[in-house]
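The exercises below concern burial, strand pairing, helix geometry and cysteines. Each task is followed by a solution in steps.

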Amino acid sequence: MIKTNQPLSSLMRPSVLDDIIGQDHLFSEFSTLKNLSSSLKAPSLILWGPAGCGKTSIAKIIANIINADFVMISAVDSNVAEIRKKIDEIKLKNNPNNLLSSFQRNTLMMVDEIHHFNKTQQDLFLPFIEDGTIIMVGTTTQNPSFALNSALLSRCKVLVLKALENNSCEKLINRAEEFTNRKLPIDSDARKLLIELACGDARYLLNSCEELLSIKIDGNNKINSKQLLGIINKRAPSFDNKGDRHYDLISAFHKSLRGSDVDAALYYLLRMLNAGQDPFYILRRLARFATEDIGIADPNALTYVMSAKANYEFLGSPEGDYALSCATIYCATSPKSNAAYLAHKQANNFAQKYSHLNPPKHILNAATNLMKHQGYGQNYIYDHDTENCYSGQEFFPDEINKNQSFYKPNMRGFEKDIIKRLDYWQKLKKEIKLKKYY
């Protein structure tokens, strides 16, 4: 075992692109990274991928390939003044009047976690990317489409990195064993569990390997899965309440509910809860789902969700978490209908188009004698006084076609009964019109 204060993940950091594990899709023929060695030029890049997939390693290797100075700043703890200072230092180095200018080289500036910079801070880089002062390589775990402004994206090429697959993790473990000249003291099941726990994060995997290699085991004994869980820390779930993973999971949750896949919906619910998602955000999504995707097919769905909210407020976590699971199960297994949602949108468009029209006078109250003389309230039929509690009178403005139909229920759940009611009223309306005609 090499004795040094540097962690194994740092000691084993790849120095050439061929040593990058798990990102084969980036090295196809004529790809950006494949052409670096021959062109010795690199565009400004955004490396987008999860933690521990090799973004920093790739940035450093690119700097070596194109023979550029490597400068790194972190968007987490850097401010505008520090960015300007770094840029000024680079510009001074490149100044032809500088005595050291004969040794000048290109500068690759890696901006770690660039999504933490706001749009104004991101704009600071634009002129210096444009004039060649820096080649910028931004790394991010968040979707650049949401996290970065369009001006910066237009000047950079986006490369998407993936979490390491299980076979790539196995290669990395083998490489760690070769590097340290020691075998991990774990049995085959624990080895598989270690890979599962890593969730494709190479840094976590190597740190875990380093911890395991430091343990002294007597004889041929090996650590089993249960012992492994007691030794290494479980990797924190990958999540960001404002990042694309947040939107990915909530989208998968909503679509699983819509597809009536109760098990997948529970899976995504628990992933979000385990990662620290705000339970009230999930409850708001469930309330939205109950109105948009279930609607009147099961009117109790919204009531159930609101009861789950009250339950969570009363109990808190973890007991209140069960209420979210119950609401999820109820919504996922309810009959689905977006008829009320579509009716709302169609009626809203119609209302905006004809917002200038007055309701017919016969359904307006005659608050004054003048209004009474003008016909307000005249010939209004009180529905409760009719034989079937249905008058069949018109309620739309006089200028509008009376056959408007926004709400079109389907044959699922409670809406089947509503169809019967609507058909019944339509039949009565026709009969009433026939009586008036004759």
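A residue is called buried when its relative accessible area is under 20%, exposed when over 50%, and partly exposed in between (1.4 Å probe, protein chains only). The model is predicted, with local features needing pLDDT of at least 70 and side-chain atom pairs pLDDT 80 or more, while totals for chains, interfaces and linings use all residues. Residues are numbered from 1 along each chain as its sequence is written, and side-chain values use heavy atoms, without hydrogens and water.

**Exercise 1. Two loop residues**

Task: classify Gln-23 as buried or exposed, and find what it is in contact with.

Solution. Step 1: Gln-23 belongs to the loop between H1 and H2; helices (H or I, at least four residues) and strands (E, at least two) are DSSP runs, numbered from the N terminus. Step 2: the relative accessibility of Gln-23 is 0%, so the residue counts as buried. Step 3: contact means heavy atoms within 4.5 Å. Leaving aside neighbours within four places in sequence, Gln-23 is in contact with Cys-53, Leu-161, Lys-162 and Leu-164. Step 4: a polar contact is a pair of N or O atoms within 3.5 Å; within protein, one must be able to donate a hydrogen and the other to accept it, and residues adjacent in sequence count only if both atoms are side-chain atoms. A polar atom of the Gln-23 side chain lies 2.7 Å from the backbone oxygen of Lys-162.

Task: treat Thr-32 in the same manner, starting with whether it is buried or exposed.

Solution. Step 1: Thr-32 is also in the loop between H1 and helix H2 (36-39). Step 2: a relative accessibility of 18% makes Thr-32 count as buried. Step 3: not counting residues up to four places away in sequence, Thr-32 touches Pro-43, Leu-45 and Lys-157.

**Exercise 2. The sheet**

Task: give the strand order of the open sheet and identify its edge strands.

Solution. Step 1: two strands pair if DSSP finds at least two bridges between them. Step 2: the five strands have the order S2-S3-S4-S1-S5, with parallel pairing. Step 3: strand S2 (69-74) and strand S5 (157-160) each pair on one side only and are the edge strands. Step 4: from one strand to the next the twist averages 20°; axes are lines fitted to C-alpha atoms, for helices over the stretch in contact, and angles run from 0 to 180 degrees between N-to-C directions.

Task: follow the pairing from S2 through to S1, with one or more bridge partners for each pair.

Solution. Step 1: S2 and S3 run parallel and are joined by six bridges, with Val-71 partnered by Met-109 in S3. Step 2: strand S3 (residues 107-112) pairs in the parallel sense with strand S4 (residues 135-140) over four bridges. Here Met-110 has Val-137 as its bridge partner in S4, and Val-111 has Gly-138. Step 3: strand S1 (residues 45-48) pairs with S4 over four bridges, again parallel; the partner of Leu-47 in S4 is Thr-139.

Task: how many residues of S3 are buried, and which residues point each way?

Solution. Step 1: in a regular strand the side chains alternate between the two faces of the sheet. Step 2: six of the six residues of S3 are buried. Thr-107, Met-109 and Val-111 point one way, and Leu-108, Met-110 and Asp-112 the other. Step 3: helix H4 (residues 80-94) lies across S2 and S3, at about 170° to S3. Step 4: S4 has six of six residues buried and is therefore largely enclosed by the rest of the structure. Its buried residues are Ile-135, Val-137 and Thr-139 on one side, and Met-136, Gly-138 and Thr-140 on the other.

**Exercise 3. Helix H11**

Task: compare the expected and actual span of H11, then describe its surroundings.

Solution. Step 1: the expected span is 1.5 Å times one less than the number of residues. Step 2: for the 12 residues of H11 (residues 202-213) this gives 16 Å, and the end C-alpha atoms are 16 Å apart, which agrees. Step 3: a side-chain oxygen of Asp-201 lies 3.0 Å from the backbone nitrogen of Arg-203, capping the N-terminal end of H11. Step 4: buried residues of H11 include Tyr-204, Leu-205 and Cys-209; among the elements covering them are helix H9 (166-180) and helix H10 (188-198).

**Exercise 4. Cysteines**

Task: how many disulfides does the structure hold?

Solution. Step 1: a disulfide is a pair of cysteine sulfur atoms within 2.5 Å. Step 2: the count is zero. Step 3: for Cys-156, the closest cysteine sulfur, in Cys-53, is 17 Å away, too far for a bond.
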